[in-house]
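This report introduces a protein chain to a reader who has not met it before. Please keep the sequence and the structure in view while reading.

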Amino acid sequence: MATIGFTLTFWAWNLISPLGSFYKDRLDLTSFQQSLLVAVPVIVGSLGRVPVGALTDRYGARLMFPLVTAGTIVPVLLLIWVKDSYPLMLVVGFLLGLGGTTFAIGVPLVNSWFPPAKRGFAIGIFGMGMGGVALSGYFTPRIAQHGENLPFVVVAIALAAFAVLGALLITDRPDRPVPTESLATRLARAGRLRVTWELSALYAIGFGGIVAFGVYLPTYLRTWYDLSLTDAGTKAAGFALVTVVFRPLGGWLSDRIHPAYVTAVALGLVALMAIVQAFEPQLQPGGTIALLLMAAGLGTASGSVFALVAQVTPQAQVGSVTGIVGAMGGLGGFVPPLVMGAIYSAKGSYAIGFMLLSDLALAGCVYAYGRMRTARPMAPEPASPNGASSKTR
């Protein structure tokens, strides 16, 4: 249920992006205005994971998942009525970001129901819901061919159906720890955990790389390899599919090997393939192989990092930490496209951009192996007199 809900809300979250060209022509937008319109839901959805994760710790996924899903229906349907106004589209895009917050609901839910030895694979399966972005990219424009409002109606109906089923079928673990402190206090405690920011940095490389390629890969393929819009979109969808498939593999491997090792190897592969791509090989076969292996590494790292979350975070704080880590992962995807575009404009080549990616992935590889392999499960924090926990490692 969590994976299905994650998939549907991520589809809704990404409704504007596949129709970006339609809105650009309809509203006579500049390239920057179009980019801003596409970016607003993603930025809001990433930052929104922080409070939503903390609220999930307090109120549980049984309430939060149907509530957030039902709330996402509102901006989805509003897109039908505001399509002729750019300012209103930005406002609705802001509200649409709600759909991107469900990641921080599903992780603590799934984490609580599985023993430590199975959490990596379980969270990896849940993480496959990020394929909702790929589904949106493929199906939304095709559904729109049968009616420009039809994609929003279809997604709204799907969200409504899941909200009802989720309320009936999602169950929180009865003995899950429920924090009694305020939202601000719990977020502050999660922010004081060293591992929160270590995991955020690693996830910003892994999942941030996925987001970055999802946003920029079609442009890169069209610009550098002179592919048609359809061919570039198809190959970008293939890249996304590989990341989706390898995410649970990263979790599964992490259940059998320390997730720090899995993360280090995955990011090492990304670093190596980025160097290969920096030498600008022909698309067939060199470029295709390098890009798909990068996708495999990024997907694997995304799964293994959250296996680390399950290992080193107190159960009562999983939602709060997940919210922060997930937010950093989403935001990490928006710097690389800007850098790649700026470098290409200045140098007429993407080589420097890929070398920077290689450096970043290699740094993550070294840190995961050198520091995170010594991480150990954290003991529950002792309670303070008011029922709150006091340890702030």
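Helices in this report are DSSP runs of H or I with at least four residues, numbered from the N terminus. The model described here is predicted.

**Overall form**

The chain holds 17 helices and zero strands. Its radius of gyration is 20 Å, close to the 21 Å that the globule rule gives for 393 residues, so the chain is as compact as a globular protein of that length. The C-alpha trace spans about 60 × 50 × 30 Å along its principal axes.

Of the 393 residues in the chain, 54% are buried. The chain exposes about 16,300 Å², and carbon and sulfur atoms supply 70% of that area. Among contacts between residues at least 6 apart in sequence, 83% join residues at least 24 apart.

**The second largest pocket**

The second largest pocket has a volume of about 420 Å³. It is lined by 21 residues, of which Ala212, Val335, Pro336, Leu357 and Leu360 are the closest to its centre. Three elements give two or more residues each to this lining: α11 (194-225), α16 (335-347) and α17 (351-370). Which of the elements gives the most to the lining? That element is α11, with ten residues. By class, the lining consists of 17 nonpolar and four polar residues, with no charged residues.

**Residues paired across the sequence**

Several residues can be described by a partner that is remote in sequence. The table gives four such pairs, with separations taken from C-alpha to C-alpha.

| Residue | Partner | Apart in sequence | Apart in space |
|---|---|---|---|
| Proline 87 | Leucine 37 | 50 residues | 9.5 Å |
| Tyrosine 344 | Tryptophan 224 | 120 residues | 9.8 Å |
| Aspartate 57 | Proline 179 | 122 residues | 6.9 Å |
| Methionine 328 | Leucine 199 | 129 residues | 9.3 Å |

Aspartate 57 belongs to helix α3, which covers residues 31-59. Is aspartate 57 buried or exposed? Its relative accessibility is 4%, and buried means under 20%, so aspartate 57 counts as buried. Proline 87 lies in helix α5 (residues 86-96). With a relative accessible area of 55%, over the 50% cut-off, proline 87 is exposed.

Tyrosine 344 is part of helix α16, one of the elements that contribute to the lining of the second largest pocket. A relative accessibility of 27% falls between the two cut-offs, so tyrosine 344 counts as partly exposed. When residues up to four places away in sequence are not counted, tyrosine 344 touches Thr223, Trp224, Ser349 and Tyr350. Trp224 is thus both a contact of tyrosine 344 and its partner in the table.

Methionine 328 lies in helix α15 (residues 318-331). This residue also counts as partly exposed, at 27% relative accessibility. Which residues does methionine 328 contact, leaving aside its neighbours within four places in sequence? They are Trp197, Ser200 and Ala204.

**Backbone features**

Two places in the chain call for attention to the backbone. As background, most residues other than glycine have a negative phi, and most peptide bonds are trans.

Glutamate 280 is not a glycine, yet it has a positive phi of about 55 degrees. Where does glutamate 280 lie? It is in the loop between α13 (259-278) and α14. At 28% relative accessibility, glutamate 280 counts as partly exposed.

The second place is the peptide bond from glutamine 284 to proline 285, which is cis, with omega near -5 degrees. Proline 285 has its place in helix α14, which runs over residues 283-312. Helix α14 therefore bears on both features by definition of the numbered runs: the loop holding glutamate 280 lies between α13 and α14, and proline 285 lies in α14.

Technical notes:
Residues numbered from 1 in each chain as written. Predicted model: local features only at pLDDT ≥ 70, side-chain atom pairs only at ≥ 80, totals over all residues. Heavy atoms only, no water. 1 Å grid on protein atoms, 1.4 Å probe; cavity = no way out; pocket = protein on both sides within 12 Å on 5 of 7 lines; lining within 4 Å. Points joined across faces, edges and corners; volume = space filled by probe spheres on them. Nonpolar A, V, L, I, M, F, W, Y, C, P; charged D, E, K, R; others polar. Rg over C-alpha atoms; globule rule 2.2 N^0.38 Å. Buried < 20%, exposed > 50% of the residue type's maximum accessible area, 1.4 Å probe, protein only. Contact = heavy atoms within 4.5 Å. Areas by Shrake-Rupley, 256 points an atom, 1.4 Å probe, with all protein chains shown as cover.
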